[in-house]
Amino acid sequence: MSRPDNKKFFENLTGAGKSIAVLTSGGDAQGMNAAVRAVVRMGIYVGAKVYFIHEGYQGMVDGGDNIEEAKWESVSSMLQVGGTVIGSARCKEFRTHEGRLKAAHNLVQKGITNLCVIGGDGSLTGANLFREEWSGLLAELFEQGLIDEDAAQIYSALHIVGMVGSIDNDFCGTDMTIGTDSALHRIIEVVDAIMTTAQSHQRTFVLEVMGRHCGYLALVSALACGADWVLIPEMPPEDGWEEKMCQKLSAKRAGMKRLNIIIVAEGAIDRNNQPITSDHIKDLVVSRLGFDTRVTILGHVQRGGTPSAFDRILASRMGVEAVLALLETTANTAACVVSLCGNQSVRLPLMECVQMTQEVQKAMDEKRFEEAVQLRGRSFENNLKTYKLLAHRKPESELPHSNFNVAVLNVGAPAAGMNAAVRSAIRVGISEGHKMFAVNDGFEGFYKGQIKEIKWADVGGWTGQGGSLLGTKRTLPAKHVGEIAEQMRKYNINALLVIGGFEAIECLLQLYEARSNYEEFCIPLCMLPATISNNVPGTDLSIGADTALNAIVETCDRIKQSASGTKRRVFIIETMGGYCGYLASVGGLAAGADAAYIYEEPFDIRDLQANVEHLTAKMKTSIQRGLILRNENSNENYTTDFIYQLYSEEGRGVFDCRKNVLGHMQQGGAPSPFDRNFGTKIAAKAMQWITKKLNESYRQGRVFANTEDSACLLGMRRRAMVFQPVVQLKDETDFVHRIPKEQWWLKLRPLMKILAKYKTSYDVSDSGQLEHVVLNRPKASEAIAAI
């Protein structure tokens with residue numbers, strides 16, 4: 001395989017002679033096991049010895065069997081397990097000098113000088129202190145005769161890399177901590193279930209979620225379910241909030257809404273730093289409004305359960321990145337933490353992140369609440385702004401009057417999260433003073449005149465609904481531009497927001513080209529990517545893809561479990577995606593697949609044979625179950641049936657095979673928290689862009705916009721949300737196979753292969769380089785929920 005000069009591969013980063021230990025400390029979080037698995041397998045892959053430290057710092061202090069060498073098979077079947085299988089414990093002894101001296105002695109005895117610590121800010125601060133004291137601790141051990149001079153010199157430097165495992169997402173410097181997305185899944189599952197019973201009895205529910213010092217879970221879950229009120233520690237409500245909240249709840253009931261949802265972070269406070277408890281809120285609602293009110297405290301349910309697809313992928317990427325960071329350290333390298341910025345791995349100085357995190361608490365203690373929100377990062381700040389914009393409707397008298405009409409429609413196949421995007425667009429549009437119109441059944445409904453004005457209350461409860469409530473069709477506008485232009489004249493449509501997949505970008509291009517004949521299309525046109533296939537050019541992620549990934553991963557978990565306790569078995573799973581291999585590749589990484597066959601990476605019979613032989617060898621020695629994913633259009637000849645028959649024949653006597661075509665179950669179901677918030681926030685951003693373009697293009701009593709930058713796709717590119725003219729995306733697109741010519745996730749495929757024990761080349765040119773924490777560092781996740 002030829003290697004472009006601009007790429008850097010990690011073969012020169014050898015781990016030979018190095019020992020790496022991995023521990024989990026503090027509270028557990030879903031996804032920690034995926035991180036441990038990635039560290040162990042990547043460490044062994046590069047030739048290092050890898051050790052488990054059981055029970056966190058307590059195990060390091062106690063030594064003995066708590067420090068155990070890890071084998072490749074030691075981490076099999078742990079990807080889908082919640083919590084941490086190597087245990088976690090809070091350790092008072094490690095906080096003492098004597099405790100750290102014992103820990104240092106235990107590490108030196110095993111030859112360990114590289115530590116990968118997965119935990120919160122307390123665990124990582126302890127690790128950094130340990131690193132700073134290391135040379136002094138070794139000197140003491142030498143003086144006490146516990147180690148010899150050679151050992152003191154050989155093990156003279158301790159290297160630390162941290163990964164943040166915390167469901168609260170309370171660590172500054174990273175958009176997402178391991179476990180947060182899974183905790184949001186648990187919360188939203190409960191909220192969705194509670195909504196049905198609350199509606200039946202016309203009840204108000206007060207839900208208390210975790211977050212002693214950070215309101216991220218409360219805020220994002222409120223955004224994801226459309227809660228009526230949310231209380232978080234970073235932004236206490238203004239004085240007199242009780243009356244305002246009761247007025248809002250009462251107004252909702254008067255508007256024929258049968259339930260109210262209030263979400264409270266466990267650390268919620270008022271402006272005087274006094275706690276606001278869920279029981280206090282219940283008593284308030286009952287005494288002032290007389291509503292039947294119940295309290296549900298979610299507690300440790302939020303920590304439990306299997307990790308989400310997002311957390312498995314995040315933890316796997318971070319684990320591999322942590323090993324690479326340890327391989328690149330020198331004696332003078334500061335301890336770093338591996339972080340996520342938008343869609344990219346970064347490395348940040350550990351103590352800069354810890355100090356920033358401590359600054360947030362200090363700001364809250366000193367009642368500098370606005371500053372506390374800013375210190376949490378632009379992601380948190382934008383979550384709060386978006387929630388306020390969508391949850392609290394201004395009185396008509398306070399709304400601006402723009403006299404602009406904006407239409408919203410869905411195009412292409414349904415994708416979970418479309419309805420959240422529509423709700424957000426409608427409500428933000430109304431807040432901007434526009435008259436909003438909904439178009440049913442895409443452009444087919446448009447030319448047939450299925451257009452109606454839609455109000456604020458019409459989209460209530462849409463956030464958690466799957467599919468497309470507006471209706472969506474694949475019909476393109478080219479054959480009906482005249483009739484569509486006529487409908488636009490009839491309803492005086494001044495801007496268009498199209499939410500859909502690959503068809504949507506084709507639609508926008510056709511409308512753009514029709515501008516020369518129809519002035520009706522010389523208006524701001526904006527597209528939001530929404531497709532489970534994630535095959536839209538100009539964006540790394542699409543609304544709906546996360547929900548589909550979770551459906552694939554959950555099904556793969558169940559399918560693998562079905563073979564538990566039986567003879568060795570391999571499962572061949574077919575995923576959707578058209579010609580785009582995103583679902584097969586990223587789903588394969590999240591589910592622990594042995595191989596994923598896709599169109600973008602051509603394969604032949606020799607590759608299939610090599611995969612069978614590789615799997616057969618593994619089956620004979622260790623693993624009991626194998627998982628192969630195949631994208632539906634990966635190859636017209638090597639079909640799912642062919643691959644099933646090949647594996648069945650070649651594996652005869654070693655393993656048997658089963659096949660499963662997942663089909664449209666990948667397209668159904670309630671949207672994941674990620675997709676709800678991604679849809680909500682990019683739609684809000686798109687509507688604000690439309691307002692700006694409308695004001696810029698309004699001349700002599702009408703809107704006229706015919707420049708390239710007035711027809712854009714809003715997508716996430718690495719770290720930033722970017723509006724890109726659709727005309728400029730034509731060169732990046734393979735229209736025959738309906739995929740982008742370059743796809744970022746192809747760089748993740750070697751990770752899947754490495755973690756499945758294949759020898760491969762891994763491009764590390766995109767690996768995180770050490771950066772510094774900056775307060776206003778751009779965060780792509782300001783447009784995505786999970787970020």
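This passage describes confidence, internal cavities, two helices and selected residues in a predicted model.

The structure is a predicted model, in which local features need pLDDT of at least 70 and side-chain atom pairs count only at pLDDT 80 or more, whereas totals for chains, interfaces and linings use all residues. Residues are numbered from 1 along each chain as its sequence is written, and side-chain values use heavy atoms, with hydrogens and water left out.

The mean pLDDT (the predictor's confidence in each residue, from 0 to 100) of the protein chain is 91, and 95% of the residues reach 70 or more. Two stretches stay under 50: residues 1–9, for which the model has 15 contacts (heavy atoms within 4.5 Å) beyond four places in sequence, and residues 776–787, with 64 such contacts.

Cavities were sought on a 1 Å grid over the protein atoms alone, a cavity being a set of points where a 1.4 Å probe fits but cannot get out. Grid points are joined across faces, edges and corners, and a volume is the space filled by probe spheres set on the points. Four cavities of 30 Å³ or more were found, and the largest has a volume of about 260 Å³. Its lining, made up of residues with an atom within 4 Å of a point, comprises 20 residues, of which F310, I313, N343, L541 and Y582 lie nearest the centre of the cavity. Helices (H or I, at least four residues) and strands (E, at least two) are DSSP runs, numbered from the N terminus. The elements that give two or more residues to this lining are α10 (309–327), α18 (545–562) and α19 (582–591), and α10 gives the most, with four residues. By class, the lining of the largest cavity has 15 nonpolar residues (Ala, Val, Leu, Ile, Met, Phe, Trp, Tyr, Cys and Pro), two charged residues (Asp, Glu, Lys and Arg count as such) and three polar residues (the others, Gly among them).

Helix α10 has 19 residues and reaches 28 Å from its first C-alpha to its last, close to the 27 Å expected at 1.5 Å a residue; the expected span is 1.5 Å times one less than the number of residues. Of the 19 residues of α10, 19 are buried (under 20% relative accessible area, against over 50% for exposed and in between for partly exposed, with a 1.4 Å probe and protein chains only), so the helix is largely enclosed by the rest of the structure. R317 lies in helix α10 and is buried, with a relative accessible area of 14%. Leaving aside residues up to four places away in sequence, R317 touches N343, Q344, S345, W744, L748 and L751.

Helix α13 (residues 378–391) has 14 residues and reaches 20 Å, close to the 20 Å expected. Its buried residues include F380, L384, Y387 and L390, and the elements that cover the buried residues of α13 include α7 (216–225), α8 (241–254) and α22 (673–697).

Most residues other than glycine have a negative phi. Phi of N169 is near 55 degrees, a positive value, and that of N492 is near 50 degrees, also positive. N169, in the loop between β5 (159–164) and α6 (180–201), is buried at 9% relative accessible area, whereas N492, in the loop between α16 (481–491) and β16 (495–500), is partly exposed at 41%.

Terms used: On a 1 Å grid over the protein atoms alone, a cavity is a set of points where a 1.4 Å probe fits but cannot get out, and a pocket is an open set with protein on both sides within 12 Å along at least five of seven lines; lining residues have an atom within 4 Å of a point.
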